[in-house]
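Me: I've got a model open and I'd like to learn how to read it. Can you walk me through it, feature by feature?

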Amino acid sequence: MENLTKLASLSDSELVKAYADNNNDAFDVLLERHKQKVFSYILHIVRNRDVADDIFQETFVKAIITIKQGRYVEHGKFSGWLTRIAHNLIIDYFRQESVENCVSTDEEGCLTLNRRDLSDGTVEDEIIAGQIDEDLRRLVMSLPAPQREVLVMRVYRNLSFKEIAEQTGVSINTALGRMRYAVLNMRRIAKEKNMVLAV
């Protein structure tokens, strides 16, 4: 408790540095400090609490990974950086929604004929896709059980971190942490084995 009180008096940039140096409590303070503003911003745009919850969680997963990989560069306020991540995820969400709702080639902006997922793939495409799937399966299976469980629930079952936390009996922060370590471990193993991995 004393540690959290001390951390609460630090600036955002000091907390980011502390978190990068493996003080996980520092991220809890950052999350607590900014969650209301970020969530409100997302909800105001998407106007759907479940979608907002998912985008909010993805925002902090991206923040976690960026900081842990040492790729966070301070340009202005930390809250502004978080909002930009959320904004980009919101754009991705609406872009995905528009693609999924594009069914007629008569509708303006629907590039149905140009969509690769609707065209016949080549034999090479199938071989490459099969190899990538196999590599991913092996990477997932090599993860520690708690990380593998969260990753499968999030990526393959499309559950929110809130649902994952409820089903696994852990806090949302723990679920986020397991997802973060799963992604970092998969990247590390892929690098060691010279695999191409887009996570």
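Reply: Happy to. Start with how much is tucked away: buried residues make up 35% of the 199 residues in the protein. Keep in mind that this is a predicted model.

Me: What is the secondary structure of the protein?

Reply: Count helices and strands, then read their order. Here you get 9 helices and 0 strands, and from the N terminus the elements run α-α-α-α-α-α-α-α-α.

Me: Since it's a prediction, where is confidence lowest and highest among the elements?

Reply: Look at pLDDT, the predictor's confidence in each residue. The protein has a mean pLDDT of 80, with 78% of its residues at 70 or more. Among the elements, α6 has the lowest mean, 66, while α2 has the highest, 92. Also look at residues 104–121: pLDDT stays under 50 there, and the model has 12 contacts beyond four places in sequence for that stretch.

Me: Which residues touch the most other members of the largest nonpolar core?

Reply: That core has 49 residues, and the ones touching the most other members are Phe27, Ile42, Ile67, Phe78, Trp81 and Phe161. Several elements give two or more residues to the core, including α2 (12–20), α3 (24–46), α5 (78–100) and α9 (172–192). The largest share, 10 residues, comes from α4.

Me: Take isoleucine 67. What is it in contact with, leaving aside neighbours within four places in sequence?

Reply: Isoleucine 67 contacts Val16, Tyr19, Ala20, Phe27, Tyr72, Phe78 and Trp81. Zooming out to the protein, take the contacts between residues at least 6 apart in sequence: 52% of them join residues at least 24 apart.

Me: And how do I read two helices packed together?

Reply: Two packed helices are described by the angle between their axes and the distance between the axes. Try α7 and α9: their axes come within 8 Å and cross at roughly 95°. An angle of 65 to 115 degrees counts as roughly perpendicular, so α7 and α9 are roughly perpendicular to each other.

Me: Which residues meet there?

Reply: From α7 you have Pro146, Gln147, Val150, Leu151, Arg154 and Val155; from α9, Ala175, Arg178, Met179, Tyr181, Ala182, Asn185 and Met186. The residues of this contact divide into 9 nonpolar, 2 polar and 2 charged.

Me: Last one: where is serine 171, and why is it called partly exposed?

Reply: Serine 171 is in the loop between α8 and α9. Partly exposed covers the range between the 20% and 50% cut-offs, and serine 171 has a relative accessible area of 37%, so it gets that label. C-alpha to C-alpha, serine 171 and phenylalanine 161 are 9.2 Å apart in space and 10 residues apart in sequence.

Conventions
Residues numbered from 1 in each chain as written. Predicted model: local features only at pLDDT ≥ 70, side-chain atom pairs only at ≥ 80, totals over all residues. Heavy atoms only, no water. Core = buried A, V, L, I, M, F, W, Y, C linked by side-chain atoms within 4.5 Å. Buried < 20%, exposed > 50% of the residue type's maximum accessible area, 1.4 Å probe, protein only. Helix = DSSP H or I, 4+ residues; strand = E, 2+ residues; numbered from the N terminus. Contact = heavy atoms within 4.5 Å. Axes fitted to C-alpha atoms, helices over the stretch in contact; angles between N-to-C directions. Parallel < 35°, antiparallel > 145°, perpendicular 65-115°, else oblique. Nonpolar A, V, L, I, M, F, W, Y, C, P; charged D, E, K, R; others polar. pLDDT = per-residue confidence, 0-100.
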